[in-house]
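User: Could you teach me to read this structure one feature at a time, with the general idea before the particular case?

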Amino acid sequence: MKRAKSEWAGALLVCAKCSKKLGGGFGPKGRERLAKALRREPGFGKGRKAVVGVVEVKCLGLCPKDAVTVVDTRRPGEWLVVPAGSNVTELATRFP
Ligand code: FES
């Protein structure tokens, strides 16, 4: 099996379906998807050079109203329900 090195210290799994239901829900106009907004924060991204990978995944089965389900792979026992319109910069500080 081949291996590829990555800088990721962890990853955030962001429910794509929650984001779709909100029509985005984040950013200045409330139209941006949470994953995209998070990837703009320093250290976050989808490439291997990011410190925290941000990956959109299918429905996680929690399906909150007006919010997005997020799983931090470093703390898989506690899922986060991020309300639409939350401050993404502030949210990013929870995942050093
Ligand atoms: S729609 Fe996001 S957890 Fe089900």
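**Reading the sheet and its surroundings**

Analyst: Let us start with a strand pair: S4 and S5 run antiparallel and are joined by four bridges, where strands count as paired if DSSP finds at least two bridges between them. The elements themselves are DSSP runs, helices (H or I) of at least four residues and strands (E) of at least two, numbered from the N terminus. Please keep in mind that this is a predicted model, in which local features need pLDDT of at least 70 and side-chain atom pairs count only at pLDDT 80 or more, whereas totals for chains, interfaces and linings use all residues. Residues are numbered from 1 along each chain as its sequence is written, and side-chain values use heavy atoms, with hydrogens and water left out.

User: In what order do the strands lie in the open sheet, and which strands stand at the edges?

Analyst: In general, strands of a sheet pair through backbone hydrogen bonds, either parallel or antiparallel. Here five strands form an open sheet with mixed pairing, in the order S2-S3-S1-S4-S5. S2 and S5 are at the edges with a single partner strand each, so one side of each has no neighbour in the sheet. The parallel case is seen in S2 and S3, which are joined by two bridges, with Phe-44 opposite Val-52 in S3. S1 and S4, by contrast, run antiparallel and are joined by three bridges, with Val-14 opposite Val-70 in S4. On the S5 side, Thr-69 has Val-81 as its bridge partner.

User: How many residues of S4 are buried?

Analyst: Burial is read from relative accessible area, with buried under 20%, exposed over 50% and partly exposed in between (1.4 Å probe, protein chains only). In S4, six of the six residues are buried. Both faces of the strand are covered, since the buried residues are Ala-67, Thr-69 and Val-71 on one side, and Val-68, Val-70 and Asp-72 on the other.

User: Which residues have the most contacts inside the largest nonpolar core, and which elements give two or more residues to this core?

Analyst: A nonpolar core is a set of buried Ala, Val, Leu, Ile, Met, Phe, Trp, Tyr and Cys residues joined through side-chain atoms within 4.5 Å. The largest one here has 20 residues, and those with the most contacts inside it are Leu-12, Val-14, Leu-34, Leu-38, Phe-44 and Val-70. Two or more residues come from each of strand S1 (10-15), helix H2 (34-39), strand S3 (52-57), strand S4 (67-72), strand S5 (80-83) and helix H3 (88-92), and the largest share, four residues, is that of H2. If we follow Phe-44 by contacts (heavy atoms within 4.5 Å), leaving aside residues up to four places away in sequence, Phe-44 touches Leu-12, Leu-38, Arg-39, Ala-50, Val-52, Val-54, Ala-92 and Phe-95.

User: How many salt bridges are there, and which parts does the pair of Arg-33 and Glu-56 tie together?

Analyst: A salt bridge is a side-chain nitrogen of Lys or Arg within 4 Å of a carboxyl oxygen of Asp or Glu, and by this rule the count is four. In one of them, Arg-33 pairs with Glu-56, with the closest N and O atoms 3.1 Å apart. Arg-33 lies in the loop between helix H1 (16-22) and H2, and Glu-56 lies in strand S3, so the pair ties together parts that are 23 residues apart in sequence. Another joins the side chains of Arg-40 and Glu-32 at 2.1 Å, N to O; Arg-40 is exposed at 56% relative accessibility, whereas Glu-32 is buried at 14%. Arg-40 sits in the loop between H2 and strand S2 (44-45), and the C-alpha atoms of Arg-40 and Val-88, which are 48 residues apart along the chain, are separated by 9.4 Å.

User: How many disulfides does the structure hold?

Analyst: A disulfide is a covalent bond between the sulfur atoms of two cysteines. With the cut-off that a pair of cysteine sulfur atoms lies within 2.5 Å, the structure holds zero disulfides. Cys-18 is buried at 3% relative accessibility, while Cys-59 is partly exposed at 36%.

User: To finish at an edge strand, what does Pro-83 touch?

Analyst: Pro-83 belongs to strand S5 and is partly exposed, at 45% relative accessibility. Not counting residues up to four places away in sequence, Pro-83 touches Phe-26, Asp-66 and Ala-67. Asp-66 is 17 residues from Pro-83 in sequence, yet the two are 6.1 Å apart in space, C-alpha to C-alpha.
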